[in-house]
Amino acid sequence: MPHISATRYAVASCHVERPLDDRVWARFARLQAARPGGFRIAALMRPPDPAAGEDELRWLERARSAATRGPLGHHTHWTSPTHARPTGGDPGERVRGEGEWLRDRGLRPTLFCGGGWYLDESVARAVASLGYADCTATSFRPPYLEAGAPRLALGAPGRLALADGGELLELPTTHSLGMAARAALSIRGPTEPVVHVYFHDTDLLDRRRAAALRLALTVLGRRRTAIDLDKLAALPHRDVPIQDFVVALGQEPPVE
Ligand SMILES: [Zn+2]
(Lines give C-alpha, C1' and ligand atoms only; values in the text may rest on other atoms or scores of the structure.)
Protein backbone atom coordinates (compact mmCIF):
# COMPACT_ATOMS: atom_id res chain seq x y z
CA MET A 1 0.00 0.00 0.00
CA PRO A 2 1.41 3.42 -0.90
CA HIS A 3 2.44 5.60 1.99
CA ILE A 4 0.72 8.91 2.42
CA SER A 5 3.87 10.99 2.10
CA ALA A 6 5.28 9.09 -0.89
CA THR A 7 2.63 10.17 -3.35
CA ARG A 8 1.25 13.63 -3.94
CA TYR A 9 -2.47 13.22 -3.74
CA ALA A 10 -5.42 15.43 -4.47
CA VAL A 11 -9.05 15.02 -3.40
CA ALA A 12 -12.22 17.03 -3.96
CA SER A 13 -15.36 17.60 -1.93
CA CYS A 14 -18.57 19.56 -2.32
CA HIS A 15 -20.51 21.20 0.48
CA VAL A 16 -23.98 20.20 -0.64
CA GLU A 17 -26.01 23.06 0.79
CA ARG A 18 -29.17 22.88 -1.30
CA PRO A 19 -29.79 19.25 -2.24
CA LEU A 20 -33.53 19.91 -2.46
CA ASP A 21 -33.14 22.62 -5.06
CA ASP A 22 -33.70 20.78 -8.36
CA ARG A 23 -31.47 23.04 -10.45
CA VAL A 24 -28.58 22.95 -7.99
CA TRP A 25 -28.90 19.22 -7.45
CA ALA A 26 -28.99 18.41 -11.16
CA ARG A 27 -25.75 20.30 -11.73
CA PHE A 28 -24.00 18.69 -8.81
CA ALA A 29 -25.17 15.18 -9.76
CA ARG A 30 -23.95 15.72 -13.33
CA LEU A 31 -20.55 16.97 -12.19
CA GLN A 32 -20.14 14.12 -9.70
CA ALA A 33 -20.96 11.60 -12.46
CA ALA A 34 -18.54 13.27 -14.90
CA ARG A 35 -15.54 12.92 -12.52
CA PRO A 36 -13.49 15.80 -13.94
CA GLY A 37 -9.78 15.05 -13.60
CA GLY A 38 -10.68 11.53 -12.47
CA PHE A 39 -11.91 12.83 -9.10
CA ARG A 40 -14.67 11.02 -7.27
CA ILE A 41 -16.07 14.11 -5.57
CA ALA A 42 -17.27 13.59 -2.01
CA ALA A 43 -20.79 14.88 -1.31
CA LEU A 44 -20.70 16.49 2.14
CA MET A 45 -24.44 16.82 2.54
CA ARG A 46 -26.37 19.04 4.92
CA PRO A 47 -29.14 16.85 6.39
CA PRO A 48 -32.72 18.08 5.99
CA ASP A 49 -33.78 20.61 8.59
CA PRO A 50 -37.30 19.73 9.80
CA ALA A 51 -37.58 23.18 11.38
CA ALA A 52 -37.23 24.62 7.87
CA GLY A 53 -39.79 22.18 6.43
CA GLU A 54 -37.28 20.33 4.25
CA ASP A 55 -38.49 17.13 2.54
CA GLU A 56 -36.79 14.15 4.18
CA LEU A 57 -37.78 11.52 1.63
CA ARG A 58 -36.49 13.44 -1.35
CA TRP A 59 -33.31 14.27 0.59
CA LEU A 60 -32.71 10.58 1.35
CA GLU A 61 -33.26 9.58 -2.26
CA ARG A 62 -30.67 12.15 -3.37
CA ALA A 63 -28.16 11.24 -0.66
CA ARG A 64 -28.40 7.57 -1.67
CA SER A 65 -27.75 8.43 -5.29
CA ALA A 66 -24.79 10.69 -4.38
CA ALA A 67 -23.32 7.80 -2.37
CA THR A 68 -23.18 5.67 -5.53
CA ARG A 69 -20.97 8.27 -7.25
CA GLY A 70 -18.46 9.13 -4.53
CA PRO A 71 -17.81 9.25 -0.79
CA LEU A 72 -20.69 10.46 1.36
CA GLY A 73 -20.18 12.97 4.13
CA HIS A 74 -22.19 14.85 6.71
CA HIS A 75 -22.22 18.65 6.75
CA THR A 76 -23.89 20.40 9.66
CA HIS A 77 -25.46 23.83 9.72
CA TRP A 78 -26.22 24.51 13.35
CA THR A 79 -28.53 27.48 13.16
CA SER A 80 -30.48 27.21 9.90
CA PRO A 81 -30.05 26.16 6.26
CA THR A 82 -28.54 29.59 5.56
CA HIS A 83 -26.74 30.13 8.89
CA ALA A 84 -24.01 27.57 9.39
CA ARG A 85 -22.34 28.39 12.72
CA PRO A 86 -23.98 27.62 16.06
CA THR A 87 -25.76 30.36 17.93
CA GLY A 88 -26.67 28.29 20.99
CA GLY A 89 -27.24 24.78 22.32
CA ASP A 90 -24.73 21.93 22.34
CA PRO A 91 -23.08 21.77 18.91
CA GLY A 92 -21.91 18.18 19.44
CA GLU A 93 -25.43 17.05 20.28
CA ARG A 94 -26.72 18.39 16.98
CA VAL A 95 -24.07 16.41 15.06
CA ARG A 96 -24.75 13.24 17.04
CA GLY A 97 -28.50 13.55 16.48
CA GLU A 98 -28.10 14.09 12.75
CA GLY A 99 -25.58 11.25 12.52
CA GLU A 100 -27.99 8.86 14.23
CA TRP A 101 -30.81 9.99 11.94
CA LEU A 102 -28.64 9.22 8.90
CA ARG A 103 -27.67 5.79 10.21
CA ASP A 104 -31.22 4.90 11.16
CA ARG A 105 -32.11 5.44 7.52
CA GLY A 106 -29.36 3.17 6.27
CA LEU A 107 -26.86 5.82 5.20
CA ARG A 108 -23.22 5.42 6.18
CA PRO A 109 -21.43 8.74 5.84
CA THR A 110 -17.70 8.47 6.40
CA LEU A 111 -16.73 12.16 6.46
CA PHE A 112 -17.71 15.31 8.29
CA CYS A 113 -17.35 19.01 7.67
CA GLY A 114 -18.66 21.63 10.08
CA GLY A 115 -20.64 24.45 8.49
CA GLY A 116 -18.77 27.76 8.55
CA TRP A 117 -15.67 25.65 9.39
CA TYR A 118 -16.94 25.41 12.97
CA LEU A 119 -15.34 22.82 15.22
CA ASP A 120 -15.08 22.53 18.97
CA GLU A 121 -14.43 19.71 21.43
CA SER A 122 -18.05 18.59 21.63
CA VAL A 123 -18.27 18.42 17.84
CA ALA A 124 -14.92 16.61 17.56
CA ARG A 125 -16.12 14.00 20.08
CA ALA A 126 -19.35 13.47 18.17
CA VAL A 127 -17.52 13.23 14.84
CA ALA A 128 -15.03 10.68 16.23
CA SER A 129 -17.78 8.63 17.87
CA LEU A 130 -19.68 8.47 14.58
CA GLY A 131 -16.51 7.07 13.01
CA TYR A 132 -16.06 9.93 10.57
CA ALA A 133 -12.84 11.46 9.29
CA ASP A 134 -13.06 15.24 9.58
CA CYS A 135 -12.53 17.85 6.84
CA THR A 136 -13.33 20.95 8.91
CA ALA A 137 -9.72 22.07 9.38
CA THR A 138 -8.46 24.48 6.76
CA SER A 139 -4.94 25.36 5.71
CA PHE A 140 -6.14 28.87 4.78
CA ARG A 141 -8.00 31.41 6.83
CA PRO A 142 -11.61 31.68 5.62
CA PRO A 143 -11.87 35.42 4.91
CA TYR A 144 -15.33 35.93 6.39
CA LEU A 145 -14.49 34.62 9.87
CA GLU A 146 -13.88 37.12 12.62
CA ALA A 147 -10.53 37.07 14.37
CA GLY A 148 -10.66 34.55 17.21
CA ALA A 149 -13.67 32.64 15.81
CA PRO A 150 -13.15 28.94 16.65
CA ARG A 151 -11.59 27.08 13.75
CA LEU A 152 -8.89 24.51 13.26
CA ALA A 153 -5.87 25.43 11.14
CA LEU A 154 -3.95 22.47 9.73
CA GLY A 155 -1.86 22.22 6.58
CA ALA A 156 -1.75 18.46 6.15
CA PRO A 157 -3.61 15.33 7.27
CA GLY A 158 -3.27 14.88 11.00
CA ARG A 159 -4.36 12.79 13.94
CA LEU A 160 -5.92 14.66 16.81
CA ALA A 161 -6.04 13.24 20.33
CA LEU A 162 -9.26 14.09 22.17
CA ALA A 163 -9.53 14.58 25.91
CA ASP A 164 -11.81 11.52 26.29
CA GLY A 165 -9.12 9.25 24.80
CA GLY A 166 -10.60 9.20 21.33
CA GLU A 167 -8.77 10.15 18.16
CA LEU A 168 -9.92 12.10 15.15
CA LEU A 169 -8.44 11.74 11.68
CA GLU A 170 -8.27 15.19 10.12
CA LEU A 171 -8.13 15.61 6.34
CA PRO A 172 -7.92 19.38 6.06
CA THR A 173 -9.48 21.40 3.28
CA THR A 174 -6.70 23.28 1.51
CA HIS A 175 -8.13 25.04 -1.54
CA SER A 176 -11.25 26.97 -2.37
CA LEU A 177 -12.33 26.90 -5.98
CA GLY A 178 -10.41 30.10 -6.81
CA MET A 179 -7.29 28.95 -4.96
CA ALA A 180 -7.45 25.58 -6.76
CA ALA A 181 -7.72 27.22 -10.17
CA ARG A 182 -4.73 29.47 -9.46
CA ALA A 183 -2.63 26.66 -7.98
CA ALA A 184 -3.47 24.18 -10.74
CA LEU A 185 -2.40 26.64 -13.42
CA SER A 186 0.68 28.00 -11.64
CA ILE A 187 4.10 26.91 -12.87
CA ARG A 188 5.03 25.23 -9.60
CA GLY A 189 1.65 23.74 -9.00
CA PRO A 190 0.27 23.39 -5.49
CA THR A 191 2.86 22.77 -2.78
CA GLU A 192 0.66 21.12 -0.15
CA PRO A 193 1.39 17.43 0.46
CA VAL A 194 -2.30 16.64 -0.03
CA VAL A 195 -4.48 19.05 -2.00
CA HIS A 196 -8.11 19.07 -0.90
CA VAL A 197 -10.30 21.24 -3.10
CA TYR A 198 -13.75 22.19 -1.89
CA PHE A 199 -16.63 24.05 -3.51
CA HIS A 200 -20.30 24.64 -2.87
CA ASP A 201 -23.07 23.07 -4.93
CA THR A 202 -24.41 26.60 -5.45
CA ASP A 203 -21.13 27.56 -7.21
CA LEU A 204 -22.35 25.39 -10.07
CA LEU A 205 -25.15 27.87 -10.81
CA ASP A 206 -22.51 30.36 -11.93
CA ARG A 207 -21.19 29.35 -15.36
CA ARG A 208 -17.79 30.97 -14.84
CA ARG A 209 -17.25 29.37 -11.48
CA ALA A 210 -18.42 25.98 -12.74
CA ALA A 211 -16.04 26.22 -15.72
CA ALA A 212 -13.14 27.28 -13.46
CA LEU A 213 -13.81 24.30 -11.21
CA ARG A 214 -13.86 21.81 -14.08
CA LEU A 215 -10.63 23.25 -15.45
CA ALA A 216 -8.93 23.25 -12.03
CA LEU A 217 -9.88 19.62 -11.38
CA THR A 218 -8.89 18.50 -14.88
CA VAL A 219 -5.44 20.11 -14.58
CA LEU A 220 -4.94 18.96 -10.98
CA GLY A 221 -5.85 15.43 -12.01
CA ARG A 222 -2.89 15.49 -14.39
CA ARG A 223 -0.45 17.03 -11.92
CA ARG A 224 -1.45 14.96 -8.88
CA THR A 225 -2.72 11.49 -8.07
CA ALA A 226 -6.46 12.00 -7.90
CA ILE A 227 -8.06 9.82 -5.24
CA ASP A 228 -11.17 10.17 -3.13
CA LEU A 229 -11.49 11.10 0.52
CA ASP A 230 -12.40 7.55 1.60
CA LYS A 231 -9.23 6.19 0.02
CA LEU A 232 -7.21 9.03 1.54
CA ALA A 233 -8.65 8.19 4.97
CA ALA A 234 -7.78 4.53 4.49
CA LEU A 235 -4.09 5.17 3.73
CA PRO A 236 -1.72 4.31 6.58
CA HIS A 237 -1.48 7.39 8.80
CA ARG A 238 0.67 5.72 11.44
CA ASP A 239 3.61 8.03 10.87
CA VAL A 240 1.53 11.19 11.07
CA PRO A 241 2.29 12.77 14.45
CA ILE A 242 -0.58 12.88 16.93
CA GLN A 243 -1.45 16.37 18.13
CA ASP A 244 -3.54 17.36 21.07
CA PHE A 245 -6.89 18.59 19.80
CA VAL A 246 -7.21 21.47 22.25
CA VAL A 247 -3.71 22.71 21.48
CA ALA A 248 -4.35 22.37 17.75
CA LEU A 249 -7.56 24.36 18.12
CA GLY A 250 -5.56 27.14 19.72
CA GLN A 251 -7.85 27.33 22.72
CA GLU A 252 -7.03 27.26 26.37
CA PRO A 253 -8.05 24.00 28.04
CA PRO A 254 -11.39 24.48 29.81
CA VAL A 255 -11.16 25.49 33.46
CA GLU A 256 -12.75 22.77 35.59
ZN1 LIG B 1 -22.55 24.80 4.54
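1. Let's start with two helices that touch. In this predicted model, Trp25, Ala29, Gln32 and Ala33 in α1 meet Arg62, Ser65, Ala66 and Arg69 in α2. Sorted by class, that contact has four nonpolar, two polar and two charged residues, so expect a mixed bag when you click through the side chains.

2. How do these two helices lie relative to each other? Helix α1 covers residues 22-34 and helix α2 covers residues 56-69. They pack at an angle of about 20 degrees, with their axes 9 Å apart. Angles under 35 degrees count as roughly parallel, and α1 and α2 are therefore roughly parallel to each other. If you look at the handedness, α1 passes α2 in a left-handed crossing.

3. Now for a second helix pair, α5 (residues 177-185) and α6 (residues 207-223). Their axes are 8 Å apart, and the helices pack at an angle of about 45 degrees. This makes α5 and α6 oblique to each other, because the angle falls in none of the ranges for roughly parallel, roughly antiparallel or roughly perpendicular. The crossing of α5 past α6 is left-handed.

4. Which residues make the contact between α5 and α6? On the α5 side you'll find Leu177, Ala180, Ala181, Ala184 and Leu185. On the α6 side they meet Arg209, Ala212, Leu213, Leu215, Ala216, Val219, Leu220 and Arg223. By class, this contact has 11 nonpolar, no polar and two charged residues. The spacing along the chain is worth a look too: an α-helix has 3.6 residues a turn, so residues three or four places apart point the same way.

5. Stay with α5 for a moment. Which of its residues are buried? They are Ala180, Ala181, Ala183 and Ala184. Ala180, Ala181 and Ala184 also turn up among the residues that meet α6. What covers the buried residues of α5 includes α6 and the strand β8 (194-200).

6. Last stop: strand β3, residues 72-76. Is β3 enclosed or open? Five of its five residues are buried, so β3 is largely enclosed by the rest of the structure. Try viewing the strand from each face: Leu72, His74 and Thr76 are buried on one side, while Gly73 and His75 are buried on the other. That leaves both faces of β3 covered.

7. And a partner for β3: strand β2 (residues 42-45) pairs with β3 in the parallel sense over three bridges. To find the pairing on screen, look for Ala43, which stands opposite Leu72 in β3. Leu72 is also one of the buried residues of β3.

How values were computed. Residues are numbered from 1 along each chain as its sequence is written. This is a predicted model: local features need pLDDT of at least 70, side-chain atom pairs count only at pLDDT 80 or more; totals for chains, interfaces and linings use all residues. Axes are lines fitted to C-alpha atoms, for helices over the stretch in contact, and angles run from 0 to 180 degrees between N-to-C directions. Helices (H or I, at least four residues) and strands (E, at least two) are DSSP runs, numbered from the N terminus. Angles under 35 degrees count as roughly parallel, over 145 as roughly antiparallel, 65 to 115 as roughly perpendicular and the rest as oblique. A crossing is left-handed if the near helix is turned anticlockwise from the far one by less than a right angle, and right-handed if clockwise. Two residues are in contact if their C-beta atoms, placed from the backbone, lie within 7 Å. Ala, Val, Leu, Ile, Met, Phe, Trp, Tyr, Cys and Pro count as nonpolar, Asp, Glu, Lys and Arg as charged, and the others, Gly among them, as polar. A residue is buried if 20 or more other C-beta atoms lie within 10 Å of its own, exposed if 12 or fewer, and partly exposed in between; C-beta atoms are placed from the backbone. Two strands pair if DSSP finds at least two bridges between them.
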